[in-house]
Amino acid sequence: MSRDRAGHSPRRLLSLARTALRRLGPGGHHRFALATGAVTVLSVTASGCVVVHGEREVVPAATRGEAARALADFTTAYNEADKANDRSLDADRVTGALGAIDGAKLRAGRQNNPGGNPGYSPLELGDAKFAIPAKAGWPRWFVADTTANKGLAGSRWLLVFTRGSANDVWQVSYLTVLAGADVPKFQQDKDGWALPVTADDAALAVGPGKLSQAYATYLQSGGETFAPGIHTSQWRALRGRNASKPGLARQYVDEPLTSGDYAPVGLRTADGGALVFFATQRYEKQTAAQGTDLPAQSADVKALTTGDVKQSLTLRFVSNQAALDPAKGGQDQRVTLLGRVEGLTAAKGG
């Protein structure tokens with residue numbers, strides 16, 4: 001029979017585990033799992049060997065109290081950074097698409113106003129509702145649905161908080177602003193926790209892991225994957241009208257963003273579909289005809305531009321989308337883009 005490094009037999013290890021759980025009291029097992037962020041399951045095989053299966057227990061990504069603290073911490077850091085035009089003040093509270101957009105905005109602001117943001121007004125988020133999925137493994141994430149004192153009246157801000165381990169702080173990776181009526185109702189389990197969807201979920205019209213590439217392809221070539229709307233058919237039409245104007249040509253290249261903190265996340269909705277958050281990037285190259293000038297660029301664009309702007313300027317944007325992905329087999333299998341937030345992250349002259 002094998003023993004662990006301390007010389008304990010498998011039977012002794014199981015006895016110690018049961019004793020520890022009794023000391024934690026009712027519900028202690030779940031609290032212990034949340035506190036440590038790692039659940040190690042031991043079992044004894046027929047040969048008497050101890051096998052470590054790893055983390056398998058499905059637990060809520062956060063308690064509602066932890067989610068509320070994460071929202072408060074983000075808001076504080078965001079306001080400090082916005083007021084000072086200092087990226088370092090909220091760098092540990094944003095990541096992914098929002099991190100790229102927010103970081104570029106602050107870099108430009110700092111170059112143009114190194115003493116701070118002259119137009120600063122604090123962001124206030126309220127009436128917070130949390131959709132917290134229960135899942136195994138890392139990363140873990142949840143959605144905060146709030147009001148804000150900025151933007152259109154009646155809108156809701158949906159922020160996706162994520163972290164890769166129990167030792168990390170919660171960071172916001174996605175931000176989408178929706179009309180209150182557009183926020184879907186989420187499915188919940190018997191304990192009130194939201195239901196996450198996987199990247200390859202076969203129950204959805206389009207697997208969440210394929211949405212970023214599908215959207216990039218749609219913007220380039222069209223198709224029937226996405227329902228008509230502001231961020232789909234109307235956005236393509238606007239780009240088409242701007243593609244060639246007297247003295248100026250615009251070229252667009254759209255690319256998926258899917259790795260790391262750009263990975264898509266989604267929650268099952270009450271109708272069997274899912275609300276999925278995903279990211280893309282696009283490049284827009286503006287080329288002026290010989291003897292003509294490029295359109296005047298704002299101070300923020302100039303702050304993010306490298307190289308000499310002569311006849312061309314290539315802009316890079318990062319964009320995050322919130323999409324309703326319908327359940328497979330329904331009458332309408334097209335994905336609906338509810339919201340899109342993008343920001344310029346870099347530019348290069350040529």
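In this predicted model, arginine 282 lies over the face of phenylalanine 317, with 4.0 Å separating it from the ring centre. A comparable arrangement brings together arginine 64 and tryptophan 193: the charged end of arginine 64 sits over the ring of tryptophan 193, 4.4 Å from its centre.

Aromatic rings also meet one another, and the structure holds nine aromatic pairs. One of these joins tyrosine 215 to phenylalanine 278. A pair of aromatic rings is described by the distance of the centres and the angle of the planes. For tyrosine 215 and phenylalanine 278 these values are 5.8 Å centre to centre and 80° between the planes, and the pair is edge-to-face because planes over 60 degrees apart are classed that way. The contact links distant parts of the chain, as tyrosine 215 belongs to helix α5 (residues 211-221) and phenylalanine 278 to strand β12 (residues 274-288), 63 residues apart. Tyrosine 215 is buried, because its relative accessible area of 1% falls under the 20% limit. Phenylalanine 278 is likewise buried, with a relative accessible area of 1%. Elsewhere, Phe74, Tyr78, Phe130, Phe142, Phe161 and Trp170 come together in one aromatic cluster.

Turning to the pockets, the second largest has a volume of about 330 Å³. Two or more residues of its lining come from each of β7 (155-163), β8 (171-179) and β11 (265-268). In total, 19 residues line this pocket, and Lys135, Pro139, Trp141, Pro264 and Val265 lie nearest its centre. By character, the lining of the second largest pocket comprises twelve nonpolar, five polar and two charged residues.

Key
Residues numbered from 1 in each chain as written. Predicted model: local features only at pLDDT ≥ 70, side-chain atom pairs only at ≥ 80, totals over all residues. Heavy atoms only, no water. 1 Å grid on protein atoms, 1.4 Å probe; cavity = no way out; pocket = protein on both sides within 12 Å on 5 of 7 lines; lining within 4 Å. Points joined across faces, edges and corners; volume = space filled by probe spheres on them. Helix = DSSP H or I, 4+ residues; strand = E, 2+ residues; numbered from the N terminus. Nonpolar A, V, L, I, M, F, W, Y, C, P; charged D, E, K, R; others polar. Phe/Tyr/Trp six-rings, centres within 6.5 Å; stacked < 30°, edge-to-face > 60°. Buried < 20%, exposed > 50% of the residue type's maximum accessible area, 1.4 Å probe, protein only. Lys NZ or Arg CZ within 6 Å of the ring centre and 35° of its normal.
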